[in-house]
Amino acid sequence: MKNRRFLFEEDSVPHALGVMALPAIVSQLITLIYNMADTWFVGRTDNPYMVAGCSLVLPVFMLTIVIANVFGSGGGTLISRLIGSGEDEEASRVSAASLWMAILSAGMFSFLCLIFMTPLLKFLGASDNVLTYARQYMFFVVVLGGVPVIVSNTLSSMLRSIGLSGKASFGLSMGGLLNIALDPLFMFVLLPEGYEVMGAAVATLISNLTVLVYFIITYRKACAETVLRGRMQGKYPKRESLLSVFGVGIPAAAAVFLFDLCNIVINRLSSAHGDIELAAIGIVLKVERLPLNIGVGICLGMVPLLAYSYAAGMRERMDAVFKFGRAVGLAVGIVSVILYYNFAPVIMRAFIGDADTVRFGTQFLRARCFATPLMFLCFSMVHFTQAIGRGKEALYLAVIRQLIFNIPILFLMDRLFGMTGIVWTQVIADIFTVTASYIIYAGIRRQEGWPAGI
C-alpha cells in the first residue's frame, strides 16, 4: 500500500487523477463500444424491429449496474475512507461482506427476471413485432448474464477503491473487446439468418463470463497483497460500516435506477409514436453515452481520491481533485456538443441504413447533445457526495434530477410537443438540476466548515 499512499497523498493532482481516471475512461469507452456493437451489428440487418428489441432490454440490463452499485460504490467508497483513516482491518471485513452480498443479490435478480421476462418487456413497450427479439436478447444478456455482470462490477469497484484502477479497468475492457470480436461470429456465421439478435446476446454472455473469471483471479491475488478479502474469517463488519455501505450504496444505486427509469419512460413514450421512432431514440440513447461514459470514467477516478482525502483531513487536496476533474469533464462535454450537432447524420447512418430511422435519429441527437455538459455536472456532484459518505445528499440529487424534474417534464413535453418535446426534455430538466445541485453543495460546505468554493 506504500505506493498507493503516495498516489493518494503526495502525487500531483493531474497525474493522480490521470492514473485513476484514464483506465476507468478506457474501460467505460470499451464497455460502451461493446454495448453499441450489438446495436451496430444488429443494425446491419436494416431491421428496425431487431434494433428496437435490443434497445428495450437496455433498461433491464442497467438494473444489474444498479445492484452492483449498492455494494461496489457503497463498499468501495467506504474502503477508501477506512484506509484514509487508518482502519485497514475494518476495510478488509467490509470488502468480504460487500462481495458476498453482491453474489446473493445477483442470483435473486436473475431468477426474478426469468419469471417475469415477458410481462416486463411488454410493460417497457415491446410490440408484437419486437417482443420475440427482446426475449432472445434478455434471456442471454440478463437472465444468464446478470450474475457475471453484477459480481464483476462489484469486484472492479473494490479494486479501484484501493488504487488498482488499471487492473479494474483492464477486465472490463477485455470483455468489451472480446464481445466485439464474437458478435459477427455468432450473428452472421454460427447462427442462421433471422437469429442475429440471439447471436449478439450469446456473444455478450460469453464475454461477461470471461470477465468474471478474470476478476476472480485478480481479486484473489489482491487479497494476498492488500486489505481486500474474499472471506469473512470469523469477523463481521461493524454495524456502522454496514449502515455506511447501504447509506452510500443505495443512493448510488438509486441514481442509476432513476436514470434507467427515465430511459424506460422515454422508450414507452417513444413507442407510442411508432417503432421507427423507438429504434431511432434507442440508437441516440446509446450514442450519447460516449461523452457521458468519459464523464463517468472521470468521476470514478475522482471518487477514491476524494474519499481518501476527505477521511485523512486533506481538504485542499480534495478540493483540487474535484475542481480539476470537473474542468476536464466540462471540456469533454462542450466538444461533444460541437461534434454531435455537426455529424449527427453521419453517426446515425453508421448504425442503420433505414432512411426514416436516420432522419428521426439526426433530429433527436442534435437536440439531446446540448444536455451533455449539464449531465456531467450532475454526475460529478453525485459522485462527490458519495465519496465523502453523504448518502442522503446523493439520494436527494438523484430524486431531484429524475423524479422532480426529468420524468414529469418528459410527460408534459410529450403531451405538448410529441417526440420533439421528449428529446428536448433533458436540457430543460438538467438546467434546473444543476442549479439545485450547487445549492446542496454549498450547504455541505457550510456544514463541514469549509470555505465557500465551486
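This report describes nonpolar cores, aromatic pairs, charge–ring placements and selected helices in a predicted model.

## Nonpolar cores

The largest nonpolar core holds 81 residues. Within this core, the residues that touch the most other members are Val42, Leu121, Tyr137, Met138, Val142, Ile281 and Phe364. The element that gives the most to the core is helix α3 (residues 48–84), with 16 residues. A second core, separate from the largest, has 70 residues, and Val245, Ala387, Ala398 and Trp450 are included in it.

Met138 can be described through its contacts beyond four places in sequence. These contacts are with Val57, Val60, Cys113, Met117, Leu120, Leu121 and Val143.

## Two buried residues in helices α6 and α7

Ala134 lies in helix α6 (residues 128–143). Its relative accessibility is 0%, so Ala134 counts as buried, the cut-off being under 20%. When residues up to four places away in sequence are not counted, Ala134 touches Gly53, Val57 and Leu121. Val57 and Leu121 also appear among the contacts of Met138. Between Ala134 and Leu190 the C-alpha to C-alpha distance is 20 Å, with a sequence separation of 56 residues.

Thr154 belongs to helix α7 (residues 146–161). Thr154 likewise has a relative accessibility of 0% and therefore counts as buried. Apart from neighbours within four places in sequence, the residues in contact with Thr154 are Ala68, Phe71, Gly72, Ser98 and Ala102.

## Helix α11: span and burial

Helix α11 covers residues 275–287, a run of 13 residues. The expected span, at 1.5 Å a residue, is 18 Å; the end C-alpha atoms are 18 Å apart, so expectation and model agree.

Helix α11 is also mostly covered, with 12 of its 13 residues buried. The buried set contains charged residue types by name, namely Asp275, Glu277 and Lys286. The other buried residues of α11 are Leu278, Ala279, Ala280, Ile281, Gly282, Ile283, Val284, Leu285 and Val287. Of these, Ile281 is also listed among the residues of the largest nonpolar core that touch the most other members.

## Aromatic pairs

A search of the whole structure gives 14 aromatic pairs. One of them joins Tyr214 and Phe215, whose ring centres are 5.2 Å apart; the planes meet at 70°, so this pair is edge-to-face. Tyr214 and Phe215 are both buried.

Phe405 and Phe432 form a stacked pair, with 5.3 Å from centre to centre and 20° between the planes. This pair links distant parts of the chain, 27 residues apart: Phe405 is in helix α16 (residues 391–417) and Phe432 is in helix α17 (residues 419–448). Phe405 has 18% relative accessibility and so counts as buried. Phe432, at 44% relative accessibility, counts as partly exposed because its value lies between the limits of 20% and 50%.

## Ring cluster and charges over rings

Phe322, Phe384, Tyr438 and Tyr441 are linked into a cluster by ring pairs. One member of this cluster, Phe322, also has a charged group over its ring: the charged end of Arg326 sits 4.1 Å from the ring centre.

A further placement involves Arg366 and Tyr341. The charged end of Arg366 sits over the ring of Tyr341, at 5.3 Å from its centre.

Technical notes:
Residues are numbered from 1 along each chain as its sequence is written. This is a predicted model: local features need pLDDT of at least 70, side-chain atom pairs count only at pLDDT 80 or more; totals for chains, interfaces and linings use all residues. Side-chain values use heavy atoms; hydrogens and water are left out. A nonpolar core is a set of buried Ala, Val, Leu, Ile, Met, Phe, Trp, Tyr and Cys residues joined through side-chain atoms within 4.5 Å. Buried means under 20% relative accessible area, exposed over 50%, partly exposed in between (1.4 Å probe, protein chains only). Helices (H or I, at least four residues) and strands (E, at least two) are DSSP runs, numbered from the N terminus. Contact means heavy atoms within 4.5 Å. Rings of Phe, Tyr and Trp (its six-membered ring) pair if their centres lie within 6.5 Å; planes under 30 degrees apart count as stacked, over 60 as edge-to-face and the rest as tilted. A charge sits over a ring if NZ of Lys or CZ of Arg is within 6 Å of the ring centre and within 35 degrees of the ring normal. The expected span of a helix is 1.5 Å times one less than its number of residues.
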